[in-house]
Amino acid sequence: MLTAVLLFLCLFVGCPEIVADAASVRTKKIVSVVYDDSGSMSGAKVYYTSYAMQCFAGMLNKEDILEVTYMNGGQKTFDTSARQKTVDFIRQNASCKGGTPLSSIDTAFRALKSHSNTDKNTQYWLVIVTDGAFHNGTADDEDPAKSLQNTKKKVSECASQTMPNGTSPRIVFFSICDTSNMYTPSFSEPNIDVKTAETADDIINQISSIACEISGRFEVDKKDIDIVDGRTVKVTADVPLTNIGVLTQKSDAVVKRVNYEGSADKMVESNVSVYIDSNAPITDAASLSGNIAIINDGNNNLPAGEYTIEFSEDISADDMVIMFEPAFELRIEVFSGGKPVTDTSLLSVGNEIDVTATLYETGTDNKILSSMLPKGTTYKMSRYEDGNNAGEVDGFELNDIMLKKAENKIVATVD
């Protein structure tokens, strides 16, 4: 999801002028994870979750921020540009002792809010990974229904808060192996997503899905991967990209070379090894081994076209996931009387305006046509007056808006 926000007019006595921010550049993500390392995670779950979290950390962009709150091991801030070091720490510090304190959500949320980023396009994410009931040290801990109610209340309180840049946090509650859903709450809040998993493959696939959602990548369909031979595949991007991510599993294969259109090699920014101890006491320990490669062209966008990816050894298409991160930015424009408004301070109460949003290749004036985007892409524009929803449309045009004495905000989203 890509979002642009335009806070274009504040009409109060003594209110300072707010200059329109016309472009949404690359979206930064601040991610805080609640990691369940309680005693109930012992056995296979501790290894599956460790491997999944390694994959999650390895797929974040180097500009992102990752905070991890271990329920019983304290809070840790990671440097996402040092991917291998981050992944190694997660693997080496997998444990399963202690309880599931509800206060760990507070700790993680404080860590999230501690990053004071005023860019309206920055995304704040809270990810809760747990397998059971939270406890708060009261008699409610003995009653699953009350424990569940307390968990729901705590997460909903987080969802209702405002981040330093004025946005709402995005929350993922990931419930592992709660087969009866006894400890998995449901929510009505639109910014809370509940995911569940019962098997090793479920856990790994769901974490990979969450990582893609947060990083802004989408997975290339298996049928669109052209197998040249055991070590070489080709994929085609219909739009310019920020980077390409490649996750390989059940293999030691790493990305050796990426060529564009048979003419230029692109940089393999990192190859990060993810694995658990092959001697771990689970039947599929040897298969929990893989690599995450990030391919880019430095500070330049990767152009649309065909990419040939070469691996160090043979690998099955079933054991690789190729992900594209589009190089997109949204720009919002305001018009009055059919003419563009370049200085929003000239607008006043009673003016009638039209607002449009356009998708561009990041850092350029090249428009991205809707025909270039994946099937199912949606567009939405919303406007707010003093924080209250004043209307929204499916599409990228808001017309005949009569300005009132209020803080006016326009939000455009392509998903």
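Helices, H5 among them, are DSSP runs of at least four residues, numbered from the N terminus. With that label in hand, let's walk through this predicted model.

Start by colouring the chain by confidence. The mean pLDDT is 87, and 94% of the residues reach 70 or more. Now select residues 9–25: here pLDDT stays under 50, and the model has 46 contacts beyond four places in sequence for this stretch. Where pLDDT is low, the predicted coordinates should not be read in detail.

Next, go to the second largest pocket, with a volume of about 400 Å³. Select Asp201, Ile204, Asn205, Gln249 and Val321, which lie nearest its centre among the 22 lining residues. Which element gives the largest share of this lining? Show helix H5 (200–215): H5 supplies seven residues, the largest share. Strands S8 (218–219), S11 (241–249) and S16 (320–326) each add at least two residues. By character, the lining holds nine nonpolar, eight charged and five polar residues.

From the pocket, follow S8 into the sheet. This open sheet has nine strands in the order S8-S16-S11-S14-S13-S12-S15-S10-S9, with antiparallel pairing. S8 and S9 (226–229) are the edge strands; each has a single partner strand, so one side of each has no neighbour in the sheet.

Now select S12 (residues 255–260) and S13 (residues 264–275), an antiparallel pair joined over three bridges. Pick out Tyr260 and you will find its bridge partner, Ala264, in S13. Finally, add helix H2 (residues 83–92), which packs on the sheet and touches S13 and S14 (289–296). The direction of H2 makes about 15° with that of S13.

Conventions. Residues are numbered from 1 along each chain as its sequence is written. This is a predicted model: local features need pLDDT of at least 70, side-chain atom pairs count only at pLDDT 80 or more; totals for chains, interfaces and linings use all residues. Side-chain values use heavy atoms; hydrogens and water are left out. pLDDT is the predictor's confidence in each residue, from 0 to 100. Contact means heavy atoms within 4.5 Å. On a 1 Å grid over the protein atoms alone, a cavity is a set of points where a 1.4 Å probe fits but cannot get out, and a pocket is an open set with protein on both sides within 12 Å along at least five of seven lines; lining residues have an atom within 4 Å of a point. Grid points are joined across faces, edges and corners, and a volume is the space filled by probe spheres set on the points. Ala, Val, Leu, Ile, Met, Phe, Trp, Tyr, Cys and Pro count as nonpolar, Asp, Glu, Lys and Arg as charged, and the others, Gly among them, as polar. Two strands pair if DSSP finds at least two bridges between them. Axes are lines fitted to C-alpha atoms, for helices over the stretch in contact, and angles run from 0 to 180 degrees between N-to-C directions.
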